[in-house]
Each structure stands twice: as C-alpha cells, then as structure tokens.
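The following exercises are meant to be worked with the sequence and the coordinates open side by side. Each one sets a task and then gives a solution in steps.

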Amino acid sequence: METILAIDHGTQSCRALLFDPQGNLLAKHKVEIEPYYSTEPGFAEQDPQVFWNALCEACQGLWQMEGVDKSSVKGVSLTTQRSTVLVLDENGKPLRDAIVWPDDRRVEGLPNLGGFWGTAFRVAGATETVNVLRSQCESVWLEKFQPEIWGKTKHYLYLSGYLTYLMTGEYNDSISSQVGYVPFDYKALTWEKKWGWKWQVMPMDEEMLPNLIPAGDLLGTITPEAAEATGIPVGLPLVASAADKATEVLGAGCVHPNMACLSYGTTATINTTHAKYYEIYPMIPPYPAAVPGQYTMELQIYRGYWMVSWFKKEFGLREQRLADEQGIMAEDLFDDLLQAVPAGSEGLMLQPYWTPGIKVPGPEARGSIIGFSDVHTRAHIYRAIIEGLAYALREGAEQTEKRTKVALTDIRVAGGGSQSEAAMQITADIFGKPVSRPHLYEASGLGAAINGMVGLGIHSDYESAVQAMTRVKDTFYPNPEVAAMYNSLYEDVYLKLYKQVQPLYKKIKSISTKY
C-alpha cells in the first residue's frame with residue numbers, strides 16, 4: 001500500500017501523520033510544544049530549534065508505533081502555521097529567535113511613503129491602510145530596532161521554508177505558504193515585480209526570499225542529515241503543500257465556490273475556494289489555495305478560539321481541576337457550560353475583536369461584551385464567546401456571498417472547536433443552515449496528504465483525490481425557533497454594535513497613547 005507522511009506543524013504541537021489513498025489516518029504521533037514566549041507585552045518568539053526538535057520527535061515516534069510500515073511511504077508533505085518568520089545568515093543559521101505569528105509588535109510613527117507610490121496611495125485614500133500594514137511588518141521592525149541582525153540577514157523565510165531547508169538543503173518554499181508581510185503578488189502568485197509598491201512597504205531584497213514552488217510539485221528530497229534526525233528515508237521526495245488554513249480547507253473537501261470551511265482554531269476563519277481572484281476589501285487579498293493556481297478567500301477572527309484558552313486560564317479553574325482528576329482536557333468539560341445557558345445567553349453579547357485588524361475590524365478595534373445583568377455567570381460569558389465567534393463568521397459569509405455572487409450552500413467546520421457538539425449546534429442555529437464536520441479532525445494534515453498524493457501521481461488530479469479522501473462525518477441542523485431568535489439578535493444588535501462603539505475605540509486609543 002502506498003502512503004504519504006504528512007507533517008502538520010501547528011501553533012501548539014507538531015504531528016506526524018500517515019495517510020492512505022482513501023484518506024484514512026493510519027497512524028499519528030503528536031508532540032506538544034510551547035507556542036511562544038514573550039519578552040515584552042505583545043511579543044511572541046520561539047527558539048527555532050524547538051520547531052525542528054518537535055518535527056524530529058514526531059517522526060521518530062511515528063516509526064516506533066506498531067503496524068507502521070516505513071517502506072510504504074512514497075513521499076512527505078509539510079504544512080505549518082502561517083507567518084512565523086525566521087532570518088538566517090549566509091550559512092543558513094538563524095540570527096535570532098523566530099517571530100511567531102501571534103506577535104503584535106508595531107513600529108509607530110512611520111513617515112508616509114514619498115515618491116510615486118506615496119502620491120498614489122494618497123490619491124486613492126489608502127495612506128492610512130498602508131501605514132498600518134507597514135507598522136506590522138516584521139522586516140520594518142528588524143530594520144529599525146535590530147539593524148545589526150538585519151544587516152547580516154541573507155535568507156528571510158517562513159517556518160515552512162525553514163523546515164524545508166532543514167529537510168532538503170534547498171531554499172525553496174510552496175507558493176501556497178506565502179501568507180504574511182512579504183512582497184508577494186497574491187494575484188499573480190509569485191514575487192512582486194521589481195517596480196511594485198510592496199518592495200517600498202516591506203524592505204528586503206528578492207535574493208533573501210526562497211524559490212517558489214507550486215503546491216504538488218517537488219521541493220527537494222530528504223538529505224542524509226535530515227534522514228538521520230527524523231528517521232525519514234534518504235531521498236524521499238518532499239512535495240510542496242500549503243499553509244495550514246489552506247490545507248484545512250482542502251482536507252475538509254471545500255474546493256468549490258459554494259462550499260465554505262469554517263476553521264475553529266487559534267485563529268477562527270471562514271474560507272472559500274475560487275478560480276477567480278476576488279478582494280472582499282481593497283488591498284486585502286485572497287490567499288493562495290492548496291489547489292495550485294486557485295485562491296482561498298478568507299475572513300479571519302485573529303484571536304478566534306484562542307479565546308477558549310483565555311477563558312480556561314481566567315475562569316476555568318474548576319474545569320481544569322476536574323479534568324486533571326479525570327485525565328482529560330479541560331475543554332472537554334466546557335460543553336456542560338454551553339448546555340447550562342439558554343441560546344442567546346440571556347441577552348449577553350460579545351464581539352470577538354480581541355485584536356485589531358487593517359480593515360475590518362479597524363486598527364483601533366477592541367472586543368466588546370454588552371448586556372450584563374445580575375443573572376449572568378461565567379457560563380454565560382463562555383456561551384457568549386462561542387456565539388460571538390459564530391456571529392462574526394456569519395458576517396464574513398455574507399460578505400463573501402455579496403462579493404462573489406455565489407450562495408454558500410455547503411458549510412463545513414474544522415479545527416479543534418469543531419469537536420464540541422454544542423458549538424456545532426450553535427453554529428447551525430446562528431447561520432440558519434446545516435453545518436457538517438469532516439470525517440477527520442486532522443483536516444489540515446489530510447489536505448497536505450492530498451497534495452502529496454496528487455504530486456506523486458497516486459491520484460491523478462485534485463477532483464478525484466478530494467472525492468476519494470474526504471467525506472462528511474456528521475451534520476447538525478438548525479432549530480427553527482432558536483435560529484429565528486439568533487437571527488434577530490444578529491441583525492438588530494450584532495451588526496450594529498461595531499459601528500456604534502467604533503468612535504469610543506478611537507477615543508480609547510487616543511487617550512491611552514497620550515498618557
């Protein structure tokens with residue numbers, strides 16, 4: 001039997017996964033990692049060795065599992081967390097710790113761009129948007145605050161490119177992993193032309209960037225050094241895959257424009273796949289899909305299901321103690337909190353903009369909880385979090401339908417939050433539509449395996465691979481009465497909330513910056 005080793009290096013763990021051509025997960029070994037450390041408020045960094053050690057341990061652990069036949073593995077595919085930046089010297093050695101994607105550092109007070117592009121942005125009314133983008137760019141921060149490191153930087157890579165280099169010795173990366181602040185042309189799916197505006201906004205030389213390889217093509221082969229560290233056979237092909245959200249969409253089977261994939265992960269997103277390039281908001285592009293040459297239109301709630309971890313830390317001590325006694329995860333007990341509170345959380349509503357955005361939410365945004373009364377408990381807060389995330393993703397779905405003129409008729413939910421029966425039912429009720437779960441929780445790993453299967457010719461194309469390897473596990477249907485109540489709260493309260501409080505967010509930012 002021919003199998004693919006898919007490596008899924010996420011925010012909190014690295015997983016080595018063995019898949020067959022029918023999309024069955026034959027074996028899995030998971031290694032937990034510390035997501036990042038913070039030296040200052042808003043900073044998120046990690047020792048690059050942590051990522052590599054976890055990958056090696058996950059693979060070595062997989063080979064030791066009963067029934068795993070290493071000789072069946074025909075190739076490797078890799079998917080990773082997005083936008084985690086590493087800078088290397090001329091010898092391929094990291095110059096500093098990685099800047100991990102939740103990092104929120106900013107470069108304040110940047111002057112407006114001059115020259116042609118500065119004038120063009122001013123005429124288009126885009127100066128503020130570009131300045132926010134520049135302030136968040138890691139290369140801008142490095143150039144300003146660590147010029148000695150920036151001066152030695154020869155290679156500027158995402159985690160996917162760094163791990164590819166360690167596995168193959170090649171400075172290659174997948175086109176479909178380029179999500180973040182790099183001079184990438186999201187429409188042409190290649191590096192920006194030399195005269196393009198992104199080279200002005202994100203200072204770097206093209207020689208620093210990896211060679212771009214389409215998903216399904218060869219990134220390189222496993223070197224003897226990597227084989228010794230990981231146990232992966234020497235010479236096996238490493239097939240280009242995509243960033244973890246894109247592979248999750250593919251693994252959920254959402255490859256047509258009428259299909260939406262909700263990701264209930266650390267960042268909550270709604271994604272749809274299109275052959276045509278769409279921008280929902282000007283200058284906010286779709287990302288490269290895991291299917292080569294296509295685009296995944298995405299709206300994201302940046303802190304998403306991270307809020308569940310926040311709730312556990314701040315309010316979930318009781319569940320944590322019970323979980324420790326029972327040897328389970330604390331999140332497994334949170335469904336009891338959702339069931340203890342009626343739909344609508346008795347008027348408590350939450351808008352989950354815990355982290356500002358470039359467009360929606362804007363750079364001044366904060367989270368909001370309104371409607372408190374003396375009946376509300378921590379269980380109400382937890383249910384309001386889950387409801388708020390579903391409201392925000394429904395708004396994203398409606399924006400997608402409005403922009404593309406394609407009705408979303410098939411909604412699938414992946415990610416850790418999809419394992420909650422109560423959260424799935426809340427989603428169906430708030431969307432007012434049936435929602436389904438893929439047959440595997442490991443949807444991002446499955447998507448990477450699909451890239452590997454097609455790339456190596458085990459499946460002839462993506463249509464047949466998706467048909468053979470993905471399927472629905474179960475479907476949740478909306479309760480008409482509950483859905484009607486949610487619809488009223490959504491249209492009459494939630495959609496109006498941000499516009500009402502936005503001036504106050506701006507005032508908060510102005511006052512807090514002043515003092």
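**Exercise 1. Decide whether strand β1 is enclosed or open to solvent, and describe how its side chains are arranged.**

The coordinates belong to a predicted model, and the solution begins with a count of buried residues. Seven of the seven residues of β1 are buried, so this strand is largely enclosed by the rest of the structure. The next step is to separate the two faces, for in a regular strand the side chains alternate between the two faces of the sheet. In β1, Thr3, Leu5, Ile7 and His9 point one way, while Ile4, Ala6 and Asp8 point the other way, and all are buried.

**Exercise 2. Place β1 in its sheet and identify the strands to which it is joined.**

The sheet is open and has six strands in the order β3-β2-β1-β5-β14-β13, with mixed pairing. Its edge strands are β3 (25-32) and β13 (218-221), each of which pairs on one side only. Neighbouring strands of this sheet are turned against each other by 20° on average, if direction is ignored.

The second step takes the two partners of β1 in turn. Towards β5 (residues 73-80), β1 (residues 3-9) runs parallel and is joined by seven bridges; towards β2, β1 runs antiparallel and is joined by six bridges. The connection between β1 and β2 is a hairpin through three residues. Alanine 6 illustrates both pairings, since its bridge partner in β5 is serine 77 and its bridge partner in β2 is leucine 17.

The last step adds the helix that covers part of this sheet: α1 (residues 48-63) lies across β1, β2 (13-19), β3 and β5, and runs at about 145° to β3.

**Exercise 3. Characterise the packing of helix α10 against helix α13 by angle, distance and residue class.**

Two packed helices are described by the angle between their axes and the distance between the axes. For α10 (residues 306-315) and α13 (residues 378-404), the angle is about 170° and the axes are 11 Å apart. Because an angle over 145 degrees counts as roughly antiparallel, α10 is roughly antiparallel to α13.

The contact itself is made by Met307, Val308, Trp310, Phe311 and Phe315 on the side of α10, and by Arg378, Ile381, Tyr382, Ile385, Ile386 and Leu389 on the side of α13. Sorted by class, the contact comprises ten nonpolar residues, no polar residues and one charged residue.

**Exercise 4. Describe the burial of helices α14 and α4, and say what covers the buried residues of α4.**

In α14 (residues 421-431), nine of the eleven residues are buried, so this helix is largely enclosed by the rest of the structure. The buried residues are Ala422, Ala423, Met424, Ile426, Thr427, Ala428, Asp429, Ile430 and Phe431. Just after α14, glycine 432 takes a positive phi of about 70°.

In α4 (residues 138-145), the buried residues are Glu138, Ser139, Val140, Trp141 and Leu142. What covers them includes the strands β6 (85-88), β7 (98-99) and β8 (155-158), together with the helices α3 (127-136), α5 (147-152) and α7 (198-201).

**Exercise 5. Examine the positive phi values of serine 83 and glutamate 346, and state the loop and the burial of each residue.**

Serine 83, a residue other than glycine, has a positive phi near 65° and lies in the loop between β5 and β6. Its relative accessible area is 18%, so serine 83 is buried under the 20% cut-off.

Glutamate 346, also a residue other than glycine, has a positive phi near 50°; its place is in the loop between α12 (334-339) and β19 (349-351). With a relative accessible area of 42%, glutamate 346 is partly exposed.

**Exercise 6. Work out the surroundings of serine 241.**

The first step is location: serine 241 is in the loop between β14 (237-239) and α9 (244-251). Serine 241 counts as buried, at 1% relative accessibility.

The second step lists its contacts, leaving aside residues up to four places away in sequence: serine 241 touches Ser77, Leu78, Ser174, Ser176, Ala215, Thr247, Gly447, Ala448 and Asn451. The final step turns to the side chains, where a polar contact of 2.8 Å joins serine 241 to asparagine 451.

Key:
Residues numbered from 1 in each chain as written. Predicted model: local features only at pLDDT ≥ 70, side-chain atom pairs only at ≥ 80, totals over all residues. Heavy atoms only, no water. Buried < 20%, exposed > 50% of the residue type's maximum accessible area, 1.4 Å probe, protein only. Helix = DSSP H or I, 4+ residues; strand = E, 2+ residues; numbered from the N terminus. Contact = heavy atoms within 4.5 Å. Axes fitted to C-alpha atoms, helices over the stretch in contact; angles between N-to-C directions. Parallel < 35°, antiparallel > 145°, perpendicular 65-115°, else oblique. Nonpolar A, V, L, I, M, F, W, Y, C, P; charged D, E, K, R; others polar. Pairing = 2+ DSSP bridges. Polar contact = N/O pair within 3.5 Å; in protein donor to acceptor, adjacent residues only side chain to side chain.
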